[in-house]
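Biologist: Before I accept the labels attached to this structure, I would like to hear the reasoning behind them. Could you take me through it step by step?

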Amino acid sequence: MTCSSSAVNADCASDPSCDFCNEFANGTCRFLQPPRSRVVAETTNFIAMAALGSFVDGYLLLCSKAHVPSMASLSSEDLAELDSLLHDTRTAVEVVYGPTVVFEHGMASSRVVVGGCIVHAHIHLIPVAADVVGFLSRQFETERLSSLSALSTFAGSGYILVSNTVDELVIARNSTHSPSQFLRKYVAEQAGKGDLWDWAAYLGIAEMERTIRTFEDPQSRRSYQLPFR
């Protein structure tokens, strides 16, 4: 099934048992004290926010507002919007923090988990110099994608999407046997933070706070050309 984030329906709109859906509805992150928003950029169908479990400053998650198991579940129009948001946020993060990597654990459905924990489509954007493409390619058969819009052909399949640079997207199909958070663990190790890879054990609140402060005020958003509704 392909969903449009802007088309609210019972299958794609939200899930009351999902932490992301509840946070988007409430507008605040319960892990911050006092609870408040951690959103740094927003478009019609997507949110970019400081990541819970940040082991470095500048770590963002790009999330679909619709409750879908992977970005591949979205329409081609939504994927084009996501591509633009990823470009803008990645550029801003690299200006402040340096080189980034990107990855997504795409789920086949809400019942099949691929290397991640939260079954709500989200992309990791982390300012760490690491070869996630090489790391993934050593473990799975991979192929290159021309753009994020090409993800739609993977709807209904488990996959892992990675990127070392803005002009490189590599994907591994049906990677359903990868350990939980295995890419986070690899990237944390490359950042010299190997003991902080598990977000459930290390929430990274201080890193989140600093990231939010960097991007939250309107002047910073204009300076870094981050979209905000």
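Modeller: What follows goes from the sheet to the aromatic rings, and the model is a predicted one.

Biologist: What makes the sheet an open one, and what is the order of its strands?

Modeller: Eight strands are arranged in the order β1-β2-β3-β5-β4-β7-β8-β6, with antiparallel pairing. β1 (39-42) and β6 (142-144) each have a single partner strand and stand at the edges, so one side of each is left without a neighbour in the sheet. From one strand to the next, the twist averages 20°.

Biologist: How do you know that β2 and β3 pair?

Modeller: Two strands pair if there are at least two bridges between them, and five bridges join β2 (residues 46-50) to β3 (residues 60-64), so these antiparallel strands count as paired. Within this pairing, Met49 has Leu61 of β3 as its bridge partner.

Biologist: Which helix packs on the sheet, and which strands are touched?

Modeller: Helix α4 (residues 182-190) does, touching β4 (101-106), β5 (122-126) and β7 (159-163), and the direction of α4 makes about 160° with that of β4.

Biologist: Why is the pair of Phe20 and Phe24 called stacked?

Modeller: Ring centres must lie within 6.5 Å, and planes under 30 degrees apart count as stacked; Phe20 and Phe24 are 6.0 Å apart centre to centre with 25° between the planes, so the pair meets both conditions. Both residues lie in helix α1 (residues 19-26), four residues apart, about one turn of the helix. Phe20 counts as buried because its relative accessibility of 4% falls under 20%.

Biologist: Why, then, is the pair of Tyr97 and Phe215 called edge-to-face?

Modeller: Their planes make 65°, which is over 60, and their centres are 6.3 Å apart, which is within 6.5 Å, so the pair is edge-to-face. This pair links distant parts of the chain, with Tyr97 in helix α2 (residues 76-97) and Phe215 in helix α5 (residues 205-215), 118 residues apart.

Biologist: Why is Tyr97 called partly exposed, and is Phe215 buried or exposed?

Modeller: Tyr97 has a relative accessible area of 25%, and because partly exposed means between 20% and 50%, that label applies to Tyr97. Phe215, at 1%, is under 20% and therefore buried.

Biologist: What makes Lys185 a charge over the ring of Trp197?

Modeller: The charged end of Lys185 sits over that ring at 5.3 Å from its centre, and the distance cut-off is within 6 Å, so the distance condition is met. Arg221 likewise lies over the face of Phe228, at 3.6 Å from the ring centre.

Technical notes
Residues numbered from 1 in each chain as written. Predicted model: local features only at pLDDT ≥ 70, side-chain atom pairs only at ≥ 80, totals over all residues. Heavy atoms only, no water. Helix = DSSP H or I, 4+ residues; strand = E, 2+ residues; numbered from the N terminus. Axes fitted to C-alpha atoms, helices over the stretch in contact; angles between N-to-C directions. Contact = heavy atoms within 4.5 Å. Buried < 20%, exposed > 50% of the residue type's maximum accessible area, 1.4 Å probe, protein only. Lys NZ or Arg CZ within 6 Å of the ring centre and 35° of its normal.
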